Amino acid sequence: MRIVLMGPPGAGKGTQAKVIANHFGIPAISTGDIFRANVAGKTPLGVEAQRYMDAGEYVPDEVTNSMVRDRLAQPDAEPGFLLDGYPRTLAQVQELDSMLADAEQQLDAAVVLTADQDELVARLLSRAETEGRADDTEDVIRHRQEVYAKETAPLIEVYGERGLVISVDGMGEIDAVTHRIFDALENLPG
Ligand code: AMP
């Protein structure tokens with residue numbers, strides 16, 4: 001299984017990514033997690049990425065693409081993978097296409113978690129408060145949603161034209177959303 005998981009910030013991608021990847025015995029590769037680990041470790045990549053992340057902007061494509069290329073070249077990603085939060089721009093789609101072509105591989109599905117954006121903003125604000133994430137201000141939270149709508153939502157059409165999109169309602173209980181995703185993946189054509 002080779003899956004990309006998309007959806008607006010706060011839609012629960014990370015949680016679902018781990019469950020799906022576990023089910024198929026493939027690694028869940030989250031570009032956000034890799035960036036956060038680098039920020040925590042104060043690596044050059046982390047230092048570069050942090051200012052974009054703090055501002056709710058995307059890290060530049062060249063930086064993100066080469067990081068993903070390295071990660072997908074690891075042996076554990078050979079049988080399959082779930083990409084959580086990548087690709088997020090058209091340039092990243094093209095780069096992923098070329099990585100897959102080089103490896104003579106293909107995507108099986110682009111799972112899109114859908115959610116009401118106002119509700120997401122409310123959820124993220126309460127999370128910022130309970131987890132004491134003072135850097136997650138309302139402005140940054142709203143900006144992330146705007147960047148998603150502008151840069152990433154158009155990718156749904158690109159993958160849709162390839163017949164790869166599975167749209168799943170991401171609201172409600174975690175288990176219910178997981179069931180919806182598995183149902184949709186089981187009914188994949190081919
Ligand atoms: P996430 O945890 O997936 O929401 O990612 C956290 C932050 O990492 C994002 O707000 C971006 O700044 C950065 N990031 C994660 N994935 C990407 C990507 N594919 N392209 C550019 N920036 C990314």
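**Exercise 1.** Work out why aspartate 118 counts as exposed, and place this residue in the fold.

*Solution.* Start with the accessibility: aspartate 118 has 59% relative accessibility, so this residue counts as exposed (exposed is over 50% relative accessible area, buried under 20%, partly exposed in between, with a 1.4 Å probe and protein chains only). Next, find the element: aspartate 118 sits in helix 6, residues 117-130 (helices are DSSP runs of H or I with at least four residues, strands are runs of E with at least two, numbered from the N terminus). Finally, try a distance: 33 Å separates the C-alpha atoms of aspartate 118 and isoleucine 26, which are 92 residues apart along the chain.

A word on the model: it is predicted, with local features needing pLDDT of at least 70 and side-chain atom pairs counting only at pLDDT 80 or more, while totals for chains, interfaces and linings use all residues. Residues are numbered from 1 along each chain as its sequence is written, and side-chain values use heavy atoms, leaving out hydrogens and water.

**Exercise 2.** Decide whether glutamine 105 is buried or exposed, and list the residues it touches.

*Solution.* First, locate glutamine 105 in the loop between helix 5 (90-102) and strand 4 (109-114). Its relative accessible area is 16%, so glutamine 105 is buried. Then look for contacts (heavy atoms within 4.5 Å): not counting residues up to four places away in sequence, glutamine 105 touches Arg2, Glu78, Phe81 and Leu100.
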